[in-house]
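Here's a quick walk through a structure, starting with its side-chain contacts and then zooming out to the whole chain. Have the viewer open as you read.

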Amino acid sequence: MSMFIVGFVSSATLVATLACLSTIALIVKDINELHDDVMSGMDEFKLSSLFSCINFNQF
């Protein structure tokens with residue numbers, strides 16, 4: 001009976017560990033996508049600011 005409990009608990013621990021690792025991978029992927037989106041937005045902002053300065057200086 002005790003071997004069954006040990007096996008069951010070990011299996012449950014393995015499943016929980018794999019679930020945690022896959023969740024961590026998804027979170028890291030989401031953070032990287034957010035970083036890429038923010039950096040893309042910053043590039044667009046820099047370009048629009050540059051063009052605004054150029055247009056302002058023409059007057």
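## The aromatic pair

Search the whole structure and you get one aromatic pair. The partners are Phe-4 and Phe-8, and they count as stacked, with ring centres 6.4 Å apart and 20° between the planes. Keep in mind that this is a predicted model, so the geometry comes from a prediction.

Where do Phe-4 and Phe-8 lie? Both lie in helix H1, which covers residues 2-57, and they are four residues apart, or about one turn of the helix. As for solvent, Phe-4 is exposed at a relative accessible area of 59%, and Phe-8 also counts as exposed, at 55%. The cut-off for that label is over 50%, so both rings make the grade.

## The salt bridge

The whole-structure search for salt bridges turns up one as well. Here the side chains of Lys-29 and Glu-33 meet, with an N to O distance of 3.2 Å. In general, side chains of opposite charge can pair when their charged atoms come close.

The spacing will look familiar: Lys-29 and Glu-33 both lie in helix H1, four residues apart, which is about one turn of the helix. Are these two side chains buried, exposed or partly exposed? Lys-29 comes out as partly exposed at 44% relative accessibility, and Glu-33 as partly exposed at 40%.

## One helix, stretched out

Now for the overall picture. The chain has one helix and zero strands. Its radius of gyration is 26 Å, well over the 10 Å that the globule rule gives for 59 residues, so the chain is more spread out than a compact globule. The box tells a matching story: along the principal axes, the C-alpha atoms fill roughly 90 × 5 × 5 Å.

How much of the chain counts as buried? The figure is 0% of the 59 residues. Buried means under 20% relative accessible area, so no residue gets below that cut-off. The accessible surface adds up to about 5400 Å², and 75% of that belongs to carbon and sulfur atoms.

## What the record says

An unreviewed UniProt entry annotates residues 4-54 as "domain: Nematode cuticle collagen N-terminal". In the model, that span is 100% helix and 0% strand, and its end C-alpha atoms lie 75 Å apart.

How values were computed
Residues numbered from 1 in each chain as written. Predicted model: local features only at pLDDT ≥ 70, side-chain atom pairs only at ≥ 80, totals over all residues. Heavy atoms only, no water. Helix = DSSP H or I, 4+ residues; strand = E, 2+ residues; numbered from the N terminus. Rg over C-alpha atoms; globule rule 2.2 N^0.38 Å. Buried < 20%, exposed > 50% of the residue type's maximum accessible area, 1.4 Å probe, protein only. Areas by Shrake-Rupley, 256 points an atom, 1.4 Å probe, with all protein chains shown as cover. UniProt positions renumbered as here; feature names shortened; annotations may be inferred. Phe/Tyr/Trp six-rings, centres within 6.5 Å; stacked < 30°, edge-to-face > 60°. Salt bridge = Lys/Arg side-chain N within 4 Å of Asp/Glu carboxyl O.
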